[in-house]
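Got the viewer open? Let's take a short walk through the strands and helices, one selection at a time.

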Amino acid sequence: MDKLIIEGGRALEGRVRISGAKNAALPILAASILTSETLCVENVPRLRDVSTMCGLLTQMGLWVRQAAPGALELSGHALSNPLAPYDLVKTMRASILVLGPLVARCGHARVSLPGGCAIGLRPVDLHIKGLQAMGAEIDIAHGYLHARAQRLKGTRIVLDLVTVTGTENLMMAAALAEGTTVIENAAREPEVIDLARCLNAMGAQVRGAGSDIITIEGVDKLHGARHAVMPDRIETATFLAAATMTGGRITLEGTSAGLLDAVLDKLREAGASIAANDAEITLEAQGRPRAVSIRTAPYPGFPTDMQAQFMALDAIADGTARVTETIFENRFMHAQELKRMGADVEVEGNTAVVRGIERLDGATVMATDLRASACLVLAGLVARGETVVDRIYHLDRGYEQLEAKLSALGARIRRAA
Ligand code: EPZ
């Protein structure tokens, strides 16, 4: 099982290119189900989750071809098996994103219920309710969702909770439904906007993505298209948090500051200087960051996917911070591991009180989920001595060549079996 070995104490200096966004690429790849023609997707990050999604689509009968580095061509003409089996779904919850497209394109689907997950129960009840509102009949048996619909019918859906993949699933289903669908209390994440752009390039009629009311006029068919995936705002924010912790000066290419205003505000509050244009972001920091309190919220609020990384920043910051997680019920597992590195963190319900200390101690720590892994890598970058982060297959799900990019910025980090 791979691990990362990090020697702490080095400032980060230099430039790295940000990869395409995992959480935009996954729904966009699933959108290839909606057409019998070819969807060309560029700026696709090389990640374990992307490979899993491609494997899922291939076993359904889609043709998936690497057209160039970071570019995939997906053809849905041979789609014959609308099934998402448990052995694939259990490795990636985002597999649920094939449900809406399969019902819309094939009229039926068998999709394994995603199992539990480290960070929370993460039910898919709102995905199911929305499809049922559009006329799908959905039974649950033997751990699978069995969905059927002659043709989905447009309707008004008010989501009880803001759900990112729920919004995306229903938007894709509505693209081929009969009539108009209005999704209210929709997720406003930039990845939802990117998916809508791709669907519209395929001939869909999606309006309002990025706001909390999305209107979709169903069409009979969608055609092929070419779409470049947006930059990964969480990878961007992770590198910016790292440099704020280590000190130094980094420039991130191929990304945009407009995707992460809430995070940039917090990094400036922590003492970082940030300059940005629409193609790159430069951050400069020296000395110890100031403690910053955060409270996660749906976009445009502070992203839950940056909570763990900011807990690492607060662990060595000057002052005390309160970190409140409002999206998932169990997303503090990194706290225990940080405490093993000497951090002063007290978890009380959905809030962690973090009292910053001068330096963490390097230790062998274990990653439990994708963003917890990133948190532990950032802690290792500033810890005294050597840190070994175990179980980094979590990291490989969502960060492309993280150790290579950090090494290019001067970090002493290497992968070992
Ligand atoms: C997406 O997950 C992201 N994944 C997550 O990123 C991200 O943390 C999350 O949105 C929140 O921003 C992808 O886009 C592939 P939700 P998703 O549905 O869609 C509850 C990462 O690290 N809920 O917005 O699964 C749910 O339990 C990953 O890249 C229901 O109750 O999250 C949670 O409390 C982790 N019923 C809240 O809503 C439902 O039917 C938000 O979940 C759906 C969700």
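Below is a list of stops, each with something to select and something to look for. Keep in mind that this is a predicted model.

**Stop one: a sheet.** Select strands 10, 11, 12 and 13. They form an open sheet of 4 strands, in the order 10-11-13-12, and the pairing is mixed. Now look at strand 10 (156-158) and strand 12 (205-207): these stand at the edges with a single partner strand each, so one side of each has no neighbour in the sheet. Going from one strand to the next, the twist averages 15°.

**Stop two: a parallel pair.** Zoom in on strand 10 and strand 11 (residues 180-184). The two run parallel and are joined by 3 bridges. Which residue stands opposite isoleucine 157 in strand 11? Click on isoleucine 183 and you've found the one.

**Stop three: the helices.** Add helix 6 (residues 164-175), which lies across strands 10, 11, 12 and 13 (213-217) and runs at about 25° to strand 13. Then show helix 7 (residues 190-201), which packs on the sheet and touches strand 12 and strand 13. The direction of helix 7 makes about 150° with that of strand 12.

**Stop four: strand 3 and its partners.** Select strand 3 (residues 38-42) together with strand 5 (residues 71-75): this pair is antiparallel, with 4 bridges. Threonine 38 has serine 75 of strand 5 as its bridge partner. Next, bring in strand 14 (residues 225-228), which runs parallel to strand 3 and is joined to it by 4 bridges. Here leucine 39 has alanine 225 of strand 14 as its bridge partner.

Technical notes: Residues numbered from 1 in each chain as written. Predicted model: local features only at pLDDT ≥ 70, side-chain atom pairs only at ≥ 80, totals over all residues. Heavy atoms only, no water. Pairing = 2+ DSSP bridges. Axes fitted to C-alpha atoms, helices over the stretch in contact; angles between N-to-C directions. Contact = heavy atoms within 4.5 Å.
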